[in-house]
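Q: Please take a close look at one part of this model, beginning with a single residue and its exposure, and then follow the helix that holds it out to the packing of the helices.

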Amino acid sequence: MPKHVPKLTSVHKHEQQVLCSLLRELRLATGLRQDQVAEQMGTSQTTISEIELGQRGVDLLVCRRLVAVYGADWPAFVEELERRLQVLPRPASELVKRG
């Protein structure tokens, strides 16, 4: 009997939330509404909302297209995403004073 292998997914992980937050910030910086972005992407406003809330995974090509719709520079976007992903919270155990 084969072992159960968990599905590889980034949804609901820290990295996914950072990506979705950055995409939302970028949209807001452009002044575009979700429905306007959805129209340009050929999808629904609900899909854009779910991406921004981290409820729907976003593949690399969709992310790249969103960045283009927002008129942003792809390499600069990736650099900022990497910068934000490097800012990791410290474990609570590091906050405990040791005698």
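A: In this predicted model, Glu15 has a relative accessible area of 44% and is therefore partly exposed, since that value lies between the 20% under which a residue counts as buried and the 50% over which it counts as exposed. Glu15 belongs to helix H1, which spans residues 14–30. Although Glu15 and Glu82 are 67 residues apart along the chain, their C-alpha atoms are separated by 9.7 Å.

The helix that carries Glu15, H1, packs with helix H4 (residues 60–69) at an angle of about 20°, and the axes of the two helices are 10 Å apart. Because angles under 35 degrees count as roughly parallel, H1 is roughly parallel to H4. The crossing of H1 and H4 is left-handed. On the H1 side the contact is made by Leu19, Leu23 and Leu26, and on the H4 side by Cys63, Leu66 and Val67. By residue class, this contact of H1 with H4 divides into six nonpolar residues, with no polar and no charged ones.

Another helix packing, that of helix H2 (residues 34–41) with helix H3 (residues 45–52), has axes that come within 8 Å and cross at roughly 110°. Since angles of 65 to 115 degrees count as roughly perpendicular, H2 and H3 are roughly perpendicular to each other. Here Gln34, Asp35, Val37, Ala38 and Met41 of H2 meet Gln45, Ile48, Ser49 and Glu52 of H3. The residues of this contact of H2 with H3 divide into four nonpolar, three polar and two charged.

The aromatic side chains remain to be described. The structure holds one aromatic pair. That pair is formed by Trp74 and Phe77, whose ring centres are 5.7 Å apart and whose planes stand at 20°, so the two rings are stacked, planes under 30 degrees apart being counted in that way. Because Trp74 and Phe77 are three residues apart in helix H5 (residues 74–86), about one helical turn separates them. As for exposure, Trp74 has a relative accessible area of 25% and is partly exposed, whereas Phe77, with a relative accessible area of 5%, is buried.

Notes: Residues numbered from 1 in each chain as written. Predicted model: local features only at pLDDT ≥ 70, side-chain atom pairs only at ≥ 80, totals over all residues. Heavy atoms only, no water. Helix = DSSP H or I, 4+ residues; strand = E, 2+ residues; numbered from the N terminus. Buried < 20%, exposed > 50% of the residue type's maximum accessible area, 1.4 Å probe, protein only. Axes fitted to C-alpha atoms, helices over the stretch in contact; angles between N-to-C directions. Parallel < 35°, antiparallel > 145°, perpendicular 65-115°, else oblique. Left-handed = near helix turned anticlockwise from the far one by under 90°. Contact = heavy atoms within 4.5 Å. Nonpolar A, V, L, I, M, F, W, Y, C, P; charged D, E, K, R; others polar. Phe/Tyr/Trp six-rings, centres within 6.5 Å; stacked < 30°, edge-to-face > 60°.
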